[in-house]
2 protein chains.
Amino acid sequence: MIPRDWRPRYLQLAEELRAQIVSGKLVQGAAMPSETELAESSGLSRTSVRNAIRQLREWGLVRAEQGRGTYVRAPRQRIRRHNTERYQWEKDRALLDEGQRRKTGGTEHDTGLTVDDLKFHAEYAQVPADDDMANAFDLPTGTLLLRRLYWTSSRHESAPLSVSYSYLPYDLVAANPELLDAENEPWPGGTQHQLFTVGVELARIVDEVRARPPSPDEAELLDIEPGVSVLALRKTSIDITDRVVEVADIVFPGDRTELVYTTDLKRWTT
Amino acid sequence: MIPRDWRPRYLQLAEELRAQIVSGKLVQGAAMPSETELAESSGLSRTSVRNAIRQLREWGLVRAEQGRGTYVRAPRQRIRRHNTERYQWEKDRALLDEGQRRKTGGTEHDTGLTVDDLKFHAEYAQVPADDDMANAFDLPTGTLLLRRLYWTSSRHESAPLSVSYSYLPYDLVAANPELLDAENEPWPGGTQHQLFTVGVELARIVDEVRARPPSPDEAELLDIEPGVSVLALRKTSIDITDRVVEVADIVFPGDRTELVYTTDLKRWTT
């Protein structure tokens, strides 16, 4: 093994245990060795062993059960969401015919799952813009918005892969009454096609990415261990007339999500 | 006030307290009202009050002192790092003369601070590539790398704004011995200019963004409250021959950092 002296020892132990879980040596549902056993077998202090277990919890690999010990979790669906490519792909797809648009969606794009592997949930409500949303849209506070709550989960898991609150100016989308009814979800071609039906073309999408602990509700909904973080993405869609037409707040569980962005650079010499 | 019935009450209380801190009604260094006082004045349960205080800690606005209560923190320097623009800006800057390159750097770009407001720290080491780095560079495990640890802090704060481990293939940069000496940091024009001196031009940069709790060391170094998350960015720089030439792991405190990415979309009609 290559020496990695700059890594704390608890992390080296956590990585060894991760390798045992990934390789199947420690099987799904099995109890983890106790702190005492791990301290003896590794030669590390109880504190280091506890830090290693905490690290495994944060990676989503083990679950602590009050008073019973720590268990290896079932592997969970990971998301690698390549937003730079995804947004252009969604735009191109909005011009396809309905049959083609029905075949696949953004979540399938991110996960490699098929439409049949996924459960989809949508809830619509009309809400007045609070100060934050008014500011994001550059509209007066109180302007009526259509708020859409979405979550998608793998058929093999109860917890969703992400939770999204998407906001649209109500007057903008009311031009097509079909856009006001959650029964029409999942809409083939997604939001970019929905906007296309009311004459809107996107020019750019700005993503602001933050990390924070989950709220109590989010922890329960996403089924994440205490101490796992979430990625909070605010996605702002701007149309070709420079108007903000959608603002979405999307929360991803930090133990199984990566957001990927590619920046292509211009050549120095042409 | 616009009704926001879908927000939990603890969050509404946390937002009211945040407004009082931001407006200066609750001043820096002052003790927060006790849980009992807040429960009485807000009419909420002790649980909701405790959740509101936890939320303020996670926002980095208050600090809990063991056995003494909760205090309003000094406001901390925020970073809004617009990576899509930053990377092209850094590339353009690599071709400027030294005087121009000395004037400003990436951190100033992100924070609005000047060179005089910032303290810069750099440490270099030679390390063999572990499996993760070997994989990231597509080089054999054990290949010698130059590892550079950077942190930058505002002169008004002890904790750094971010901590970065940057890795370069040792043989690549050894062609210019000045690149092996941390005494030459901060290098005017940064890594893209350093690479320019050994004939390397970047074609694209891929950012992978994750959220996780800090390690114990990171929490101490970044001076963040227990429960604050970090943004973990892996930045991979690829040159015009499609070779990975730098891999950097950068950790940002989640209570005061936003990463921003803009995706420009192609027009439907030309």
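Buried means under 20% relative accessible area and exposed means over 50%, with partly exposed in between. Keep those cut-offs at hand for the exercises below, which are all set on a predicted model.

**Exercise 1. Classify the ends of three salt bridges**

Task: For the pairs B:Arg46 with B:Glu35, A:Asp249 with A:Arg234, and B:Asp239 with B:Arg243, decide which residues are buried and which are partly exposed.

Solution, step by step:

1. Start with B:Arg46 and B:Glu35, whose side chains meet at 3.3 Å, N to O. The two ends sit in distant parts of the chain, B:Arg46 in helix H3 (residues 46-58) of chain B and B:Glu35 in helix H2 (residues 35-42) of chain B, 11 residues apart. B:Glu35 has 27% relative accessibility, so it counts as partly exposed. B:Arg46, at 39%, is partly exposed too.
2. Move on to A:Asp249 and A:Arg234, where the closest N and O atoms are 2.8 Å apart. A:Asp249 belongs to strand E9 (residues 244-253) of chain A and A:Arg234 to strand E8 (residues 230-239) of chain A, so this bridge ties together parts that are 15 residues apart in sequence. A:Asp249 is partly exposed at 24%, while A:Arg234 is buried at 12%.
3. Finish with B:Asp239 and B:Arg243, a salt bridge of 3.0 Å, N to O. B:Asp239 is buried, with a relative accessible area of 3%, and B:Arg243 is partly exposed, with 38%.
4. For context, the whole structure holds 46 salt bridges over all chains. Some charged residues form a network of such bridges: A:Arg78, A:Arg80, A:Glu258, B:Glu208 and B:Arg210.

**Exercise 2. Find the relation between the chains**

Task: What kind of axis relates chain A to chain B?

Solution, step by step:

1. Superpose the copies: chain A can be laid on chain B with an RMSD of 0.0 Å, using a turn of 180 degrees and a shift of 0.0 Å along the axis.
2. This turn and shift are the relation of a two-fold axis.
3. Look for the C-alpha of chain A nearest the axis: A:Ala211 provides it, 2.6 Å away.
4. Now check the contact surface. Of the interface residues of chain A, 100% are also interface residues in chain B, so the copies meet through the same surface.
5. Turn to the largest nonpolar core, which has 52 residues; A:Val209, A:Leu231, B:Val209 and B:Leu231 have the most contacts inside it. The contacts of A:Leu231 reach both chains, including A:Val209, A:Phe252, B:Val209 and B:Leu231.

**Exercise 3. Walk across a sheet**

Task: Which strands stand at the edges of the open sheet of 8 strands?

Solution, step by step:

1. Write down the order: E4(A)-E5(A)-E6(A)-E9(A)-E8(A)-E7(A)-E10(B)-E3(B), with mixed pairing.
2. Read off the ends. Strand E4 (118-128) of chain A and strand E3 (79-82) of chain B each have a single partner strand, so one side of each is left without a neighbour in the sheet.
3. Note the twist: neighbouring strands are turned by 20 degrees against each other on average, direction ignored.
4. Zoom in on one edge, where 11 bridges join E4(A) to strand E5 (residues 144-154) of chain A, and the two run antiparallel. As one of these partnerships, A:Ala125 is bridged to A:Arg147 in E5(A).
5. Add the helices. Helix H4 (residues 83-93) of chain A packs on the sheet against E7 and E8 of chain A and E10 of chain B, its direction making about 145 degrees with that of E7(A). Helix H4 (residues 83-93) of chain B touches E3 and E10 of chain B, at about 65 degrees to the direction of E3(B).

Notes:
Residues numbered from 1 in each chain as written. Chains lettered and ligands numbered in written order. Predicted model: local features only at pLDDT ≥ 70, side-chain atom pairs only at ≥ 80, totals over all residues. Heavy atoms only, no water. Salt bridge = Lys/Arg side-chain N within 4 Å of Asp/Glu carboxyl O. Helix = DSSP H or I, 4+ residues; strand = E, 2+ residues; numbered from the N terminus. Buried < 20%, exposed > 50% of the residue type's maximum accessible area, 1.4 Å probe, protein only. Core = buried A, V, L, I, M, F, W, Y, C linked by side-chain atoms within 4.5 Å. Contact = heavy atoms within 4.5 Å. Least-squares fit on C-alpha atoms with pLDDT ≥ 70 in both. Pairing = 2+ DSSP bridges. Axes fitted to C-alpha atoms, helices over the stretch in contact; angles between N-to-C directions. Lists of a residue's contacts leave out its neighbours within four places in sequence.
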